[in-house]
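Let's take a walk through this one, starting from a single side chain and working outwards. Have the structure open and follow along.

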Amino acid sequence: MASIFSLVTGKRGPSGYGSASTAEEVTEGIDASNLTVIITGGASGIGAETARVFALRRAHVIIAARNVEAANDTKKIIIESNPAARVDIMKLDLSSLKSVRAFADNFLATGLPLNILINNAGVMFCPFQLSVDGFEMQFATNHLGHFYLTNLLLENIKRTAKATGIEGRIVNLSSIAHLHTYEGGILFDQIDNKAGYNDRKAYGQSKLANILHALELSRRLKEEGANVTVNSVHPGVIMTNLMRHSFPMMKVIQVFTYLLWKNVQQGAATTCYVSLHPSIIGVTGKYFDDCNEVKPSILASDEELARRLWDFSEKLVKSAE
């Protein structure tokens with residue numbers, strides 16, 4: 001993990017960027033006019049800032065959002081400051097595999113290429129509940145929905161990369177919270193069990209799954225020689241709507257740890273860096289914090305655990321279909 005000293009001081013790492021870097025800074029001078037990007041959860045928070053900066057760099061931005069009204073508000077704000085922005089909104093509820101399938105079908109029907117997929121959306125610390133498909137909500141939304149979405153769009157990403165010669169990129173938003181999960185990492189046999197449910201460990205489990213998903217997919221794509229990379233990032237600690245289930249508690253914590261918190265512009269930096277920066281060409285299966293590659297937990301580096309999660313996720317998707 002990035003050191004506390006580097007986080008507080010904004011000290012720059014080997015990439016030339018650090019915790020104080022903003023999304024605009026890390027993409028300065030990059031022309032993304034020939035790129036199409038999908039950003040899940042792009043209606044608010046760091047997703048909205050990511051969408052704004054991609055639009056600023058002239059990419060065609062698809063905001064995939066559950067709340068279409070909020071997404072349209074974000075689009076309006078982007079276009080007000082950047083009239084030339086290309087931003088489209090599409091409905092996506094990641095907690096519903098039917099909605100994920102519908103989104104993918106609708107996007108593929110447009111015939112658009114896809115260069116970059118940013119799996120940004122998520123829920124955090126919510127009380128125990130099951131998704132419409134019967135899966136624990138944080139695991140369903142943060143991991144399983146993105147796993148299914150990525151698989152449905154993967155052929156398009158590979159085809160686009162092959163046709164254009166431009167490397168395709170998939171970025172999973174994880175979190176330092178992946179360190180705080182259940183014993184063994186993933187509760188394969190009790191994934192939907194209310195007994196023993198811990199909202200924080202369940203969140204950590206889903207964030208660990210994001211890294212393991214990127215690790216295994218990167219291995220598979222490398223094996224087949226596809227020009228597509230997959231990485232995961234920790235955006236930092238930012239007060240956004242993601243914390244709506246624990247807002248009062250997080251505000252108290254923020255008072256005592258204010259030096260460790262980022263603003264939204266800084267929070268979107270690592271995502272934008274890994275998605276767009278030329279220095280990341282060919283880098284895959286890695287984890288980034290403060291725009292620099294760092295080592296995740298031992299569990300997050302476990303290739304066998306990653307393969308097991310992949311097989312487990314495939315079975316869950318098939319059971320829901």
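**Starting from one phenylalanine**

F54 is buried, with a relative accessible area of 0%. Keep in mind as you look around that this is a predicted model. To find the residue, go to helix 3, which covers residues 45–56 and has F54 in it.

So who keeps F54 company once you set aside neighbours within four places in sequence? Its contacts are V37, A59, V61, I116, I118, C272, S275 and L276. For a sense of distance, try G165: F54 and G165 are 111 residues apart in sequence, and their C-alpha atoms are 20 Å apart in space.

One of the contacts of F54 is C272, and that cysteine is a good next stop. C272 is buried too, at a relative accessible area of 0%. What about C291, buried or exposed? C291 is buried, with a relative accessible area of 1%.

You might now wonder about disulfides. How many does the model have? The count is zero. C272 is in no disulfide, and the nearest cysteine sulfur to its own belongs to C291, 8.8 Å away. Coming from the other side, the closest cysteine sulfur to that of C291 is in C272, and the 8.8 Å between them is too far for a bond. The cut-off used here is 2.5 Å between the two sulfur atoms. In general, a disulfide is a covalent bond between the sulfur atoms of two cysteines.

Now zoom out to the whole chain. The protein has eleven helices and eight strands. Along its principal axes, the C-alpha trace spans about 50 × 45 × 40 Å. How does the radius of gyration fit with a compact globule? For 321 residues, such a globule would have a value near 20 Å, and the protein has 18 Å, which agrees.

The inside has plenty of residues to look at: 55% of the 321 residues count as buried. Contacts tell a story about sequence distance as well. If you take those with a separation of 6 or more, 77% are between residues 24 or more positions apart.

Finish on the outside. The accessible surface of the protein comes to about 13800 Å², and carbon and sulfur atoms account for 53% of that. As for charge, there are 32 positive and 31 negative side chains, and the centres of these two sets lie 2 Å apart.

Note on methods: Residues numbered from 1 in each chain as written. Predicted model: local features only at pLDDT ≥ 70, side-chain atom pairs only at ≥ 80, totals over all residues. Heavy atoms only, no water. Buried < 20%, exposed > 50% of the residue type's maximum accessible area, 1.4 Å probe, protein only. Helix = DSSP H or I, 4+ residues; strand = E, 2+ residues; numbered from the N terminus. Rg over C-alpha atoms; globule rule 2.2 N^0.38 Å. Contact = heavy atoms within 4.5 Å. Areas by Shrake-Rupley, 256 points an atom, 1.4 Å probe, with all protein chains shown as cover. Lys, Arg positive; Asp, Glu negative; His and termini not counted. Charge placed at Lys NZ, Arg CZ, Asp CG, Glu CD.
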